[in-house]
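Reader: I should be grateful for a close look at one part of this model, namely its disulfide bonds and the elements that surround them. Please set out the geometry and the surroundings in a connected account.

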Amino acid sequence: MGWVRVRRPPLLQSKLLCVSLLYLLTTLPLALYVSFSDPSSRCLPLLLLPSTRSSAAATLFEYPRDYGEHKHALPTLHKHCSDSAVFSDYKTVLEEINGLRRNLSAPSRAFPPLRYQNDRRNTFAGNLSIEERRSFFTHTDSAVEIPCGFFKDFPIAQADRLAMESCRGVVVASAILNDHDKIRQPKGLGSQTLKTTCFFLFIDDRTHSALASHGILKDDDGHGATASTAVGAWRVVRLRQQQLPYESPAMNGVVVKHLLHRLFPNARFSVWVDGKMQLTVDPLLLVHSLLVVGEGADMAVSRHPFNLHAMEEAIATARWRKWGDADAIREQMETYCRNGLQPWSNSKLPYPSDVPDTAIIIRRHGSASDLFSCLLFNELEAFNPRDQLAFAYVRDQMSPKVSINMFEVEVLEHIAVEYRHNLKRDSAGSGRGGGTKQGVTRMASSRDIAGSSCEKYLMKMWGEPSE
């Protein structure tokens with residue numbers, strides 16, 4: 001019995017070919033868009049028209065080939081987000097921010113104005129005791145002066161100081177100390193942002209030497225006041241190594257990170273960007289969307305992607321040697337437990353978490369956020385620069401309360417790109433701004449809990465009854 005070969009009609013073959021080609025032409029552009037588009041556009045409805053984008057934004061600075069500007073980016077955990085940030089039209093945002101900048105007499109919510117202690121002392125932050133620090137948590141009298149660092153000079157050249165004081169709108173600030181990161185140029189800037197926003201990058205001598213070796217900065221001896229140096233969007237401010245207040249580069253970075261309101265006394269808003277981060281959204285849009293829109297907020301910061309309770313972050317800090325002195329971390333948390341620190345619960349709402357990711361901090365400069373920053377800085381100077389550990393303690397204990405927009409980590413991942421640090425940490429300070437090497441982290445034991453001032457905290461955090 002023979003086989004009969006049946007051939008498809010030519011018309012059917014042509015239809016299948018057309019359908020296949022149509023499918024290919026439809027899906028290929030979509031696949032290319034998903035693969036190569038800016039990840040922020042998948043999460044954030046960014047309403048920047050092409051005509052409002054700066055034509056020079058993509059080429060702010062040409063780096064030497066050996067500098068490796070964009071190496072070792074970390075993958076995001078959330079490719080898509082369920083809670084996006086909504087941005088207004090760029091022109092509208094620009095007009096509103098400029099209006100707020102001109103209205104310097106705008107009231108600062110229910111907080112009395114702040115006055116700072118400015119006497120001269122042997123240490124940068126005054127070496128305050130726990131009782132002294134706590135005495136300023138309730139601020140109801142504008143005549144009371146708040147300790148907020150700068151009891152010793154901070155090594156900034158006069159020309160840079162004048163430029164910082166002249167910044168009256170939005171300041172974007174970052175720091176690279178100990179050559180720990182690489183300079184990242186912001187992306188997605190609007191056409192007027194570089195003209196209306198101040199970008200300041202603080203570096204120390206070691207970072208300056210590394211940048212000079214690549215030809216990015218001029219190699220000089222660093223003595224005396226020098227003309228300003230620009231690297232793309234950033235005005236580079238060199239901090240004199242021998243005059244910095246702390247041996248620990250991390251603690252020196254904390255001064256810039258949390259005391260921007262003192263370094264830029266006339267700025268209305270600030271956006272702090274860790275050296276490992278690269279902004280991919282215009283900072284004016286961030287300020288408007290996360291601080292100004294609606295009822296507004298004093299600060300905006302992302303929730304931590306994993307930890308909810310301050311104790312969880314403390315354990316992770318010791319476990320992963322983010323700060324190697326485990327005994328000092330324990331002393332810090334014991335102190336906080338004795339003075340009222342509680343694990344997160346619904347009673348703390350509208351604060352949705354006790355642990356932030358402070359890689360990007362957006363602030364409305366005013367009495368509320370300024371006081372919070374001062375109180376937080378004093379805790380970091382007393383213990384260590386890991387600001388997530390003291391965040392909830394200060395936030396919950398201070399009065400009046402500060403309004404903080406703790407947005408989803410998905411939003412953070414889509415307004416910035418995170419990179420690996422340039423160098424591994426070889427040392428870090430411990431205690432009061434010290435510069436000793438990290439100790440060996442020991443594992444905690446359940447026997448350590450009994451009798452601890454944090455025993456009730458831990459039992460409550462674990463949902464277990466305590467006597």
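Author: In this predicted model, Cys-148 and Cys-374 are joined by a disulfide, with an S to S distance of 2.1 Å. The torsion about their S-S bond is about -80°, so this disulfide is left-handed. Cys-148 is placed in the loop between β2 (145-146) and α5 (158-165), and Cys-374 belongs to helix α13 (residues 367-382), so the bond ties together parts that are 226 residues apart in sequence. Both ends are enclosed: Cys-148 is buried, with a relative accessible area of 0%, and Cys-374 is buried as well, at 0% relative accessibility. Because burial is assigned under 20% relative accessible area, each of these values qualifies.

The count of disulfides comes to three. In general terms, such a link is a covalent bond between the sulfur atoms of two cysteines.

Another of these bonds is formed by Cys-167 and Cys-198, whose sulfur atoms are 2.2 Å apart. With 115° about the S-S bond, this link is right-handed. Cys-167 lies in the loop between α5 and β3, while Cys-198 lies in strand β4 (residues 197-203), so the parts tied together are 31 residues apart in sequence. Cys-167 counts as buried, at 1% relative accessibility.

The remaining pair to be described is Cys-337 with Cys-454, a disulfide in which the sulfur atoms are 2.1 Å apart. Its torsion about the S-S bond is about 105°, so the disulfide is right-handed. Distant parts of the chain are linked here: Cys-337 is in helix α12 and Cys-454 is in the loop between β12 (416-418) and α16, with the two positions 117 residues apart in the numbering. Cys-337 is buried, at 11% relative accessibility, and Cys-454 is buried, at 3%.

The helices named for this pair also take part in helix packing. Helix α12, which holds Cys-337, packs with α14 at an angle of about 10°, their axes being 11 Å apart. The two helices are therefore roughly parallel to each other. On the α12 side the contact involves Ile-329, Gln-332, Met-333 and Tyr-336, which meet Leu-389, Ala-390 and Tyr-393 of α14. By class, this contact comprises six nonpolar residues, one polar residue and no charged residues.

Helix α16, which bounds the loop of Cys-454, packs with helix α11 at an angle of about 105°, and the axes are 10 Å apart. As the range from 65 to 115 degrees counts as roughly perpendicular, α11 and α16 are therefore described in that way. Ala-310, Met-311 and Glu-312 of α11 make the contact with Tyr-457, Leu-458 and Met-461 of α16. This contact has five nonpolar residues, no polar residues and one charged residue.

Two cis peptide bonds may be added, since their loops adjoin the helices just discussed. The bond from Leu-349 to Pro-350 is cis, with omega near 15°, and Pro-350 is found in the loop between α12 (326-338) and β10 (356-364). The bond from Ser-399 to Pro-400 is likewise cis, with omega near 0°, and Pro-400 is found in the loop between α14 (387-397) and β11 (404-407).

Technical notes. Residues numbered from 1 in each chain as written. Predicted model: local features only at pLDDT ≥ 70, side-chain atom pairs only at ≥ 80, totals over all residues. Heavy atoms only, no water. Helix = DSSP H or I, 4+ residues; strand = E, 2+ residues; numbered from the N terminus. Axes fitted to C-alpha atoms, helices over the stretch in contact; angles between N-to-C directions. Parallel < 35°, antiparallel > 145°, perpendicular 65-115°, else oblique. Contact = heavy atoms within 4.5 Å. Nonpolar A, V, L, I, M, F, W, Y, C, P; charged D, E, K, R; others polar. Disulfide = S-S within 2.5 Å. Buried < 20%, exposed > 50% of the residue type's maximum accessible area, 1.4 Å probe, protein only.
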